[in-house]
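Grab the sequence and the 3D view, and work through the exercises below. Try each task before you read its solution.

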Amino acid sequence: MVDHPPRLAEVAHRQQDLVTRAQLLEAGYDDMFIYRQTRRGRWQRVLPATYALVTGVLTDEQRRISAALYAGRSAQLTGLSALTWYGFRYSPRTTDVHLLVPHSTSRKSTGHVLVSRALSLDSKARTTAHYPVCSPARAVVDAARDLSDLRTVRAIVAEAVQRSFTDLAALDEEIIRARRSRTALIRKAFHEVTAGTRSAPEAELRDCLAGSRLLPAIIWNPRLTTDEGHTLPTPDGYLAESALALEVDSREYHFSPDGWARTLDRHNELSRLGVMILHFTPAQIRREPQRVRRTVEQAHASRRGLGATVAVHAAPVAGC
């Protein structure tokens with residue numbers, strides 16, 4: 001066990017047992033001593049010129065700190081790494097640490113560090129004790145640019161807006177900044193959200209039904225009211241001609257501890273007025289899209305014209 005000089009001990013404690021070669025040399029150690037400590041398994045070299053003064057697997061935070069020590073003070077945490085830091089629930093997990101660095105920086109990707117050079121860093125990045133973290137909007141766009149699955153991008157964008165990590169204006173600004181560089185998926189997902197889509201499964205239901213030649217235009221997230229002007233629950237989709245409501249039931253996206261009771265209340269309130277509600281799970285939409293489409297088409301055909309007989313009025317939400 002090495003009894004570190006007080007100044008190094010303080011630095012190591014602050015940096016969760018991670019230090020740079022420069023800090024070790026400043027403390028009076030030489031390269032041969034550093035080499036012997038790592039050779040004997042007492043320390044570990046985690047990145048070039050970056051060491052952990054402990055053994056074992058690094059925590060997520062230690063990986064982020066080591067990446068920041070390697071890349072320099074100006075490096076900003078972004079992409080999936082930043083989304084994990086913010087607490088996004090539905091972004092993919094990765095052991096890599098994605099950093100933005102100034103374009104003039106010579107640092108390269110290595111080990112668990114993914115380095116992206118940028119002409120302009122994020123002016124809205126948040127300061128932490130060890131590294132700046134890009135704003136949620138910048139992190140979402142950077143993450144989406146490295147993803148190839150629209151479903152995943154949809155989930156990230158929907159969560160960012162639903163949980164108020166960011167807003168549409170900030171996302172739009174970042175998409176414009178990124179221009180056309182690998183932004184096709186984020187642009188599509190952003191368009192869906194601005195059109196009123198509230199979740200990734202809902203967007204998949206839209207795609208599923210968009211190919212139908214038998215269904216009229218569906219009002220998504222409509223404003224429903226009674227004859228007396230009383231506001232009714234908002235289903236995910238509504239076919240006014242047949243008074244047919246569509247709901248995506250997902251514990252992942254819509255359920256809280258009392259979510260089931262709220263779902264029943266919504267169902268009962270619409271049903272008593274003559275609205276038929278079809279419920280689909282995300283798994284059904286993904287695995288059996290043709291069956292889902294056929295179910296909606298058949299229900300609409302059997303109820304065509306009934307919309308005029310129920311005391312429910314539907315209107316699209318402004319801007320959707």
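## Exercise 1: a covered helix

α5 is mostly covered, with six of its eight residues buried. Before going further, note that this is a predicted model, in which local features need pLDDT of at least 70, side-chain atom pairs count only at pLDDT 80 or more, and totals for chains, interfaces and linings use all residues. Residues are numbered from 1 along each chain as its sequence is written, and side-chain values use heavy atoms, with hydrogens and water left out.

**Task.** Find out which residues of α5 are buried and what they pack against.

**Solution.**
- Start with the terms: buried means under 20% relative accessible area, exposed over 50%, and partly exposed in between (1.4 Å probe, protein chains only). Helices (H or I, at least four residues) and strands (E, at least two) are DSSP runs, numbered from the N terminus.
- Next, pick out the buried set: G79, L80, S81, A82, L83 and Y86.
- Now look for their neighbours, with contact meaning heavy atoms within 4.5 Å. The buried residues of α5 pack against the strands β4 (76–77), β5 (97–102), β7 (126–127) and β8 (132–133), and against the helices α6 and α7.
- Finally, step just past the helix: G87 has a positive phi of about 100°.

## Exercise 2: the neighbour, α7

**Task.** Compare the end-to-end reach of α7 with its expected span, then work out why α7 is described as largely enclosed.

**Solution.**
- Helix α7 covers residues 150–162, which is 13 residues. The expected span is 1.5 Å times one less than the number of residues.
- From first C-alpha to last, α7 reaches 18 Å, close to the expected 18 Å.
- For the enclosure, count burial: 10 of the 13 residues are buried, so α7 is largely enclosed by the rest of the structure. Among them are R154 and E159, alongside residues such as V153, I156 and V157.
- The buried residues of α7 pack against α5, α6, α8 (168–178), α9 (184–194) and α10.
- After α7 comes S164, with a positive phi near 60°.

## Exercise 3: an arginine in α6

**Task.** Is R138 buried or exposed, and which residues does it touch?

**Solution.**
- Locate R138 in helix α6 (residues 136–145).
- Check its accessibility: R138 is at 2%, so it counts as buried.
- Leave out residues up to four places away in sequence, and the contacts of R138 are T78, L100, A118, S120, L121, D122, E174 and R177.

## Exercise 4: two open sheets

**Task.** Give the strand order of the four-strand sheet and of the three-strand sheet, then see which helices lie on them.

**Solution.**
- Two strands pair if DSSP finds at least two bridges between them.
- The four-strand sheet is open and mixed, in the order β9-β11-β12-β13. Its edges are β9 (219–220) and β13 (276–280), each with a single partner strand, so one side of each has no neighbour in the sheet.
- β9 pairs antiparallel with β11 (residues 237–239) over two bridges, and I219 has Y238 as its bridge partner.
- For angles, axes are lines fitted to C-alpha atoms (for helices, over the stretch in contact), and values run from 0 to 180 degrees between N-to-C directions. Helix α10 (residues 200–210) lies across β9 and β12 (244–248), at about 130° to β12. Helix α13 (residues 289–303) lies across β11, β12 and β13, at about 175° to β13.
- The three-strand sheet is open and antiparallel, in the order β1-β3-β2. Its edge strands, β1 and β2 (44–47), each pair on one side only, and the twist averages 35° from one strand to the next.
- β2 and β3 (residues 50–52) pair antiparallel over three bridges. Helix α4 (residues 60–71) packs on this sheet and touches β1, β2 and β3, its direction making about 10° with that of β1.

## Exercise 5: positive phi without glycine

**Task.** Where do Q16 and A243 sit, and how accessible are they?

**Solution.**
- Q16 has a positive phi of about 55° although it is not a glycine. Q16 lies in the loop between α1 (6–14) and β1 (18–20) and is partly exposed at 31%.
- A243, also not a glycine, has a positive phi near 50°. A243 is in the loop between β11 and β12 and is buried at 0%.
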